[in-house]
Amino acid sequence: MNTLQNLFDGATVMMAALPMLMVFIGVAAGIALGTIPGISTSMAVALLLPFTFTMDPISGMALLLGCYKGGNYSGCIPAVTINTPGTPSSVPTLFDGYPMARNGRGGEALGILLWSSFVGGIFGTIVLVLFASPMARWALNFWSAEYFALCVLGLASVATLGGKQWPKALIAVLFGLLINTIGVDPMGGPVRYTFGIARLFDGFGLMPILIGLFALGEVFHNIENYARGSAAHEKHVYTYPSLWYYWKLKWAMIRASVVGTLVGILPGAGSAIASFLAYDVEKRISKTPEKFGTGAPEGVAASGASDSANTGGSLVPMLALGIPGGPTVAVLMSAMMIHGLAPGPEMFRDETALVYGMFVALFFSSFFVLLIGWAGLKLWVRTTNVKKPILYTMIFMFTVIGSYSMRNSLFDVGVCIGFGVIGWLFKRFQYPVAPVVLGVVLGRIMEMNFRRAVLRDGMVSFYTRPLTVIFLTLAVAAVVTPFIQEHRAAKKRAAQAALTPTVPDDSEPSDLSNPSEER
Amino acid sequence: MKKITKWLFSLAAMFTLALALTACGGNDDENGTDGEFVSNLPDIRVTATPPAAPPADVDPVEFLANIWQPTRPITIVTHVAPGGGMDVATRTFIEIARCFTDATIVVENVVGGGTRPASTEVQSRPADGYTIFGAAMSNVNNAVAQQWPIQDYIGGYYWIAKIQRDPAAIIINNSARDAGMDFNGILQQARDMNGGQIWAVPLLGGNKHFEALLTWQATDTMGIAMPFESGPLGAAAVLAGEAHVQMGNPFDTAGRDLWVAAIASPERVPGFEDSPTFAELGFPQLNDMHMWRGYAVRVGTPPAMIEWFQQLTYFITHHPDWIAYNAGNAIAPTAVFTQEFHEIIQETMEITEYWLYYLGMLD
C-alpha cells in the first residue's frame, strides 16, 4: 500500500510536461547514439550529462534515465543488422540476430529485440519498485568468492557456445583470458606484457576488440569470398510478425529478464555476464538447441530481455545502497551528486517522491522505447538491404569512427583493425569468436575476485561459502552435461546401429562426430 | 592428422593458460624491502610569488580582461572519464567561470593508459596557455610508480593551482558503529586479529594504500590492504562485511550506511560533525593525509595566461557555488598556488617513492 502511495507521489512529480518531454528526448537521443557502434550507453549518458546542469533534478534524471533505456536497446540494433555489437552485453544478440537478418528475417529479429527489450525493461523496473531494498541486501551476500564463481559459471557457457567444437572454443576463451592479462596488474603494481607501450597500460579497449572481431572480421571474410558480379544483390522483403508471434516467446523473455535482473543487482558483475548466461540458459532448455546460432528467435529474445532487465537491476544497488551497479549507473550517480543528491538508503527515505518519480520515468522510458523503436524498425532493417560493397565500406568507416571515439585514440583504431584480422582468421579456420569475448569480458573480474578471495581467506572460501559452492557445482554440471548427453546419444545410436542390418562399407561409424566439423 | 591436431590444441591451450597464470601471479614481494631507502627523484620545486588577492571592490570581469584575453577556446585535458571526480570538479569549475569571463573553456577526457596518455596529450600541444592539464594525485603517483621520465611528466609542468583537498577518512559500517565500534575499537580489533583486519583500498601501491600504511605505522597496528578498484566498490565491501574498514574519503559515506570513524582535517567537517579528527584521537601526524586535484600548464606558457588563470581560480574558489559544491562533497575548497603547489607535488613524489620502495614495488 505504501509502495502504491509512493508511486502515486512519484507520478505526480514526474508526469508534468517538462519531465515527460525529457524522458522522450532522452530515449530518442539514447537510441540515436546507441546505434552508432563505439558509442556505449555510458558514453551516451555522459554526453547528455552537461545538459542537465541547468535543469531541476527531476527533469535532469528523466533525460538521463531515458537515454539509459534508449541506448541500452539500440546497442543491440547494429548487432542484428551489421554484426557489430554496440556493447559487450549485446554480443549474444548477434549470434542469432545476424543470421536472421542475413536470411531475410531482419524485421522479425528487430521486432523480437524490441519486444524483449520492452518486457525486460518493465520486468526490471517492477523488481526495482517492489524489492529494491531486500534484493540489495541479498546482493551483499556476494563476496569476492561468489563473484569469481559466478564468472566461472559464465565461462561455462563456452561449452554451449562451442558445441562439438569445444576444443576450439576452449582455445578461443583462453586467448580472450590471455588478452586480458595485458596491462597494469589490476591489483596494482607490475605491468604485464605491454612491451613499454603506454597505451597498453590499461590493456586493449573492450569496444575496439568487439568491433574488430565481429564487424571487421565479417567484412574481411566477406571480402575474401566476394567475387565481383558473381551473384546478383539479393534484396529481402521483410515481414513483421503479429503480436501473437511475440507472445509465443513470452517465457524466453521472462526467464531472461529474471537472469538479467538478478545479475544486474550485483555491483560490478556487469551486464555481459547476464546476457551470456541468459542465452546459455535458453539454449540449454530449448528442444532445438541446434538451431541456436543459426537464427533462433529465442536466442534474440533472451539476450534482448536480459540486457534490458539488467538496467532495472543495476539501479537497485545504487538506490538502495549507494553503490553503482555498472559504468552507466556510475555516470547517473555522478549526475545525482551534481544535483546535490546522494543516492543510497538516506535518499530512499528522504527523497521518496524523487526516487519513485525515477521509477515512473523508467516505466515511461520502456513505453517510449517501444514507440520510437516501432517507428524506426523499417528504417533500421533497410541497412541489411544496402548493396554489399557500400555496406562493407560503411561498416569499415563506422568501425574506425567508433573505435576512435571511445578514447580519441588512433591506437584503438589500430587495435580494432588488428582484431579484425584475428576475427577473420578465426572465421577462416572455423574457430568461434564469441568465447574470446567471454574471456575478455570476464577475465579481469575473475582474476580480481579470485585473488581477493585467496588474499582474504585462502582457498577455503571456494568450498565453505554456500553460494560459491552452488555456482561452481552448476558450472561443472554445465560443462559436463553436454558430454554426458553426447555420450548417451552415441551409445544409443551405436545400439540402434547394431540392431539394424547394414551393408558393410568404408564409411566412418555413425557415433563419431561429423568429420567436417573436426577439420 | 587428427591426433596431431589434438596435440597441437592441447599444447596451445596449456601454453596460453600458463602465460595467463604467470601474468596473474601478481607481485608476491610485498613484505617490504630491508635495504636503506635512497631517493632518486629530481627536485621540481620552484620559487614563485603566489597571485595577490585582487582589490575587494574590483570588477572581476574587467580585472581578468586586463590581464590576458584568450582568443580561442581553452581545453582542460583530464585523465578521468566523464563523471569522474576531476571531470565533475572541472565542469563545475567551468560553469562558475562563466560568471567571470567570456572565455570558452572545454573539457577533454583522455582516459586510460594509467593516466599517461592525458599527460602525453598535453605535452604534445603548444605551451601557449590554451591547453591545461587537469591533474590529480594519481598522475604523480603513476609517474613515479611506472618510472616515467619525471622531468617531462612532472617537471615539464608549471603546477599553477591546486583547487581541492579531499581529506582521508577511515570508514566503517553504521551497524558496527551502533554496536559500539569507533576508531579505538578498530585499533583494538586490528591487534586482536593479529594483522588479519581487512582494509579496502582502490588499488595496491596507490594513495589510499599509502594512507593505510601510514595509519598502521602511526598506530602500531597492521592489516591487509585489499584492492576493490574504486571507492564505491570498497564501500560495498564494507557494507557486505567482506572488508572491516575502508580507507577512503568522507564522501564515500554519502547516502550510505557508513560512518567516518576518523577524518584527516584541522577541524571537524560540516556534515560530519560526529566524526573526530585524527588530531583529536591523538594522532596529529595523520591529520594532513589527503588527495588533491589541480591544474598545470606546460613549462614555457606565457606568464600573463598563468596569472589570468590563477586570478580566475581565486575568484571561482571564493564563489558561493564552488564553496557549496565542495561542502556537499566534504572537500576543502581552498586554492593553493604555484610555489606551495610545487611543494605538495614534490612531497607526493617522495611519499610515493618511499612507500613503493617499502612495499618492494619499485626498483
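User: What share of the contacts in chain A between residues at least 6 apart in sequence joins residues at least 24 apart?

Analyst: It's 79%. Keep in mind that this is a predicted model. A pair gets into that tally because its C-beta atoms, placed from the backbone, lie within 7 Å. In chain B, 77% of the contacts between residues at least 6 apart join residues at least 24 apart.

User: What makes chain A as compact as a globular protein of its length?

Analyst: Set the value against the rule: the radius of gyration is 23 Å and the globule rule gives 24 Å for 519 residues, so the two are close and the label fits. The chain has 24 helices and 2 strands, and its C-alpha atoms fill a box of roughly 80 × 60 × 55 Å along the principal axes. Buried residues account for 60% of chain A.

User: Why is A:Ala16 called partly exposed?

Analyst: Count the neighbours: A:Ala16 has 14 other C-beta atoms within 10 Å. Buried takes 20 or more and exposed takes 12 or fewer, so a count in between gets the middle label. A:Ala16 sits in the loop between α1 (2-14) and α2 (17-34) of chain A. From its C-alpha atom to that of A:Gly196, 180 residues along the chain, the separation is 56 Å.

User: How do you know whether α15(A) is covered or open?

Analyst: It's mostly covered, going by the same kind of neighbour count: 25 of its 25 residues are buried, each with 20 or more other C-beta atoms within 10 Å.

User: And how does the span of helix α15 of chain A sit against the expected one?

Analyst: From first to last C-alpha, this helix (residues 297-321) reaches 37 Å, close to the 36 Å expected for 25 residues at 1.5 Å a residue. There is a bend of about 25° at A:Asn310. Right after the helix comes A:Gly322, with a positive phi near 85°.

User: What makes β2 and β11 of chain B edge strands?

Analyst: Look at the order of the 6 strands in this open, mixed sheet of chain B: β2-β1-β3-β10-β4-β11. β2 (105-109) and β11 (336-337) each have a single partner strand, so one side of each lacks a neighbour in the sheet. For β2(B), strand β1 (residues 74-78) pairs with it in the parallel sense over 5 bridges. One of the bridges puts B:Thr78 against B:Asn109.

User: How do you know that β6(B) and β7(B) pair?

Analyst: DSSP has to find at least two bridges between them, and here there are 4, in the parallel sense, between β6(B) and strand β7 (residues 224-227). B:Ala200 faces B:Met226 of β7(B).

User: Which residues of β6(B) lie on each face, and are they buried or exposed?

Analyst: B:Ile198 and B:Ala200 are on one side, B:Trp199 and B:Val201 on the other, and all are buried, which leaves both faces of the strand (residues 198-201) covered. That split fits the usual pattern: in a regular strand, side chains alternate between the two faces of the sheet. Across chain B, 50% of the 363 residues count as buried, and the secondary structure is 13 helices and 11 strands.

User: What makes up the contact between chains A and B?

Analyst: Chain A puts in 54 residues and chain B 48. On chain A's side, α10(A) gives the most, with 7 residues. That side divides into 33 nonpolar, 10 polar and 11 charged residues.

Note on methods:
Residues are numbered from 1 along each chain as its sequence is written. Chains are lettered from A and ligands numbered from 1 in the order in which they are written. This is a predicted model: local features need pLDDT of at least 70, side-chain atom pairs count only at pLDDT 80 or more; totals for chains, interfaces and linings use all residues. Two residues are in contact if their C-beta atoms, placed from the backbone, lie within 7 Å. Ala, Val, Leu, Ile, Met, Phe, Trp, Tyr, Cys and Pro count as nonpolar, Asp, Glu, Lys and Arg as charged, and the others, Gly among them, as polar. The expected span of a helix is 1.5 Å times one less than its number of residues. The bend at a residue is the angle between axes fitted to the seven residues ending there and the seven starting there. The radius of gyration is taken over C-alpha atoms; the globule rule is 2.2 Å times the number of residues to the power 0.38.
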